[in-house]
Amino acid sequence: MTMSHQQYVKSGICENYQTLLEECGNALSTWDGYRARVTQSGPAGKEEGNEIFRLQAKYARAYAALQNHLQDCVLCRLIARFEGSQLSDATTLYGEARH
Ligand SMILES: [Zn+2]
């Protein structure tokens, strides 16, 4: 699982998307940080293991919510389409300018 669509942050149009992205990033860093601390302090006990699973599940939920939002949100889909078309236009223009 990787974070994708991070380029939308720059546009800053959809607040819901930004909130979800933040939650997802926070959940990921909390999970990573906890896992790293547990790993450093030796073999994980039952309690630590449970906490790692809990934090991982929290991240998975946040990530799923983010993906669902990207599919359901009209605004985010418009942005994606707009950015996609901008990208291809720029590529076309650049390609023509070189000739
Ligand atoms: Zn959105």
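Which residues are buried in α3? Hold that thought while I set the scene. This is a predicted model. The protein chain has 99 residues, and buried residues make up 22% of them. Now the answer. In α3, the buried residues are Gly49, Ile52, Leu55, Tyr59, Ala62, Tyr63, Leu66, His69 and Leu70. Keep three of those names in mind: Tyr59, Tyr63 and His69. They will come back.

First, the layout. The protein chain has four helices and zero strands. Read along the sequence, the pattern is α-α-α-α. Contacts reach across the chain too. Take the contacts with a separation of 6 or more: 66% of them join residues 24 or more positions apart.

Let's look at two of the helices. Start with α2. Helix α2 covers residues 15–40, which is 26 residues. From its first C-alpha to its last, α2 reaches 37 Å. The expected value at 1.5 Å a residue is 38 Å, so the two are close. The buried residues of α2 are Tyr17, Leu20, Leu21, Cys24, Ala27, Trp31, Tyr34 and Val38. After α2 comes Gly42, and its phi is positive, near 100°.

Next, α3. Helix α3 runs over residues 46–72 and holds 27 residues. At 1.5 Å a residue, α3 should span 39 Å. Its end C-alpha atoms sit 38 Å apart, which agrees.

Now the metal. Which residues coordinate the zinc ion? Four of them do: Cys14 through SG, His69 through NE2, Cys73 through SG and Cys76 through SG. The distances are 2.0 to 2.4 Å. Along the chain, the donors follow the spacing C-x54-H-x3-C-x2-C.

Why is the arrangement tetrahedral? Look at the angles. The four donor atoms subtend 102 to 119° around the zinc ion. To count as tetrahedral, all angles must lie between 85 and 135 degrees. These do, so the arrangement is tetrahedral. For reference, the ideal angle for four tetrahedral donors is 109.5 degrees.

Let's take the zinc ligands one at a time. Cys14 lies in the loop between α1, residues 8–11, and α2. Is Cys14 buried or exposed? Its relative accessibility is 7%, so Cys14 counts as buried. Leaving aside residues up to four places away in sequence, Cys14 touches His69, Cys73, Leu75, Cys76 and Ile79. One of those deserves a closer look. Cys14 and Leu75 are 61 residues apart in sequence, yet 6.7 Å apart in space, C-alpha to C-alpha.

His69 sits in helix α3. Its relative accessible area is 13%, so His69 is buried. With the same neighbours in sequence left out, up to four places away, His69 touches Cys14, Asn16, Tyr17, Leu20 and Cys76. Two of those contacts, Tyr17 and Leu20, are also on the buried list of α2.

That leaves the other two cysteines. Cys73 is buried at a relative accessible area of 13%. Cys76 is buried as well, at 1%.

On to the aromatic residues. How many aromatic pairs does a search of the whole structure find? It finds two. In one pair, the rings of Trp31 and Tyr59 have their centres 5.7 Å apart. Their planes meet at 25°, so this pair is stacked. The pair links distant parts of the chain: Trp31 is in helix α2, Tyr59 is in helix α3, and they are 28 residues apart. Both are buried, Trp31 with a relative accessible area of 10% and Tyr59 at 2% relative accessibility.

The other pair is Tyr59 with Tyr63, and this one is tilted. The centres are 6.0 Å apart, with 45° between the planes. Both residues lie in helix α3, four residues apart, about one turn of the helix. Tyr63 counts as buried too, at 14% relative accessibility.

Put the pairs together. Trp31, Tyr59 and Tyr63 are linked by ring pairs into a cluster. There is also a charge here. The charged end of Arg35 sits over the ring of Trp31, 4.4 Å from its centre.

To wrap up, two places to find on the model. One is the zinc ion, with Cys14, His69, Cys73 and Cys76 around it. The other is the cluster of Trp31, Tyr59 and Tyr63. Helix α3 has a part in both, through His69 and through Tyr59 and Tyr63.

Conventions
Residues are numbered from 1 along each chain as its sequence is written. This is a predicted model: local features need pLDDT of at least 70, side-chain atom pairs count only at pLDDT 80 or more; totals for chains, interfaces and linings use all residues. Side-chain values use heavy atoms; hydrogens and water are left out. Donors are N, O and S atoms within 2.8 Å of the metal (3.2 Å for Na, K and Ca); water is not among the atoms, so sites may look incomplete. Four donors count as tetrahedral if all angles lie between 85 and 135 degrees; four count as square planar and six as octahedral if opposite donors are over 155 degrees apart and all others between 65 and 115; anything else is irregular. Buried means under 20% relative accessible area, exposed over 50%, partly exposed in between (1.4 Å probe, protein chains only). Contact means heavy atoms within 4.5 Å. Rings of Phe, Tyr and Trp (its six-membered ring) pair if their centres lie within 6.5 Å; planes under 30 degrees apart count as stacked, over 60 as edge-to-face and the rest as tilted. A charge sits over a ring if NZ of Lys or CZ of Arg is within 6 Å of the ring centre and within 35 degrees of the ring normal.
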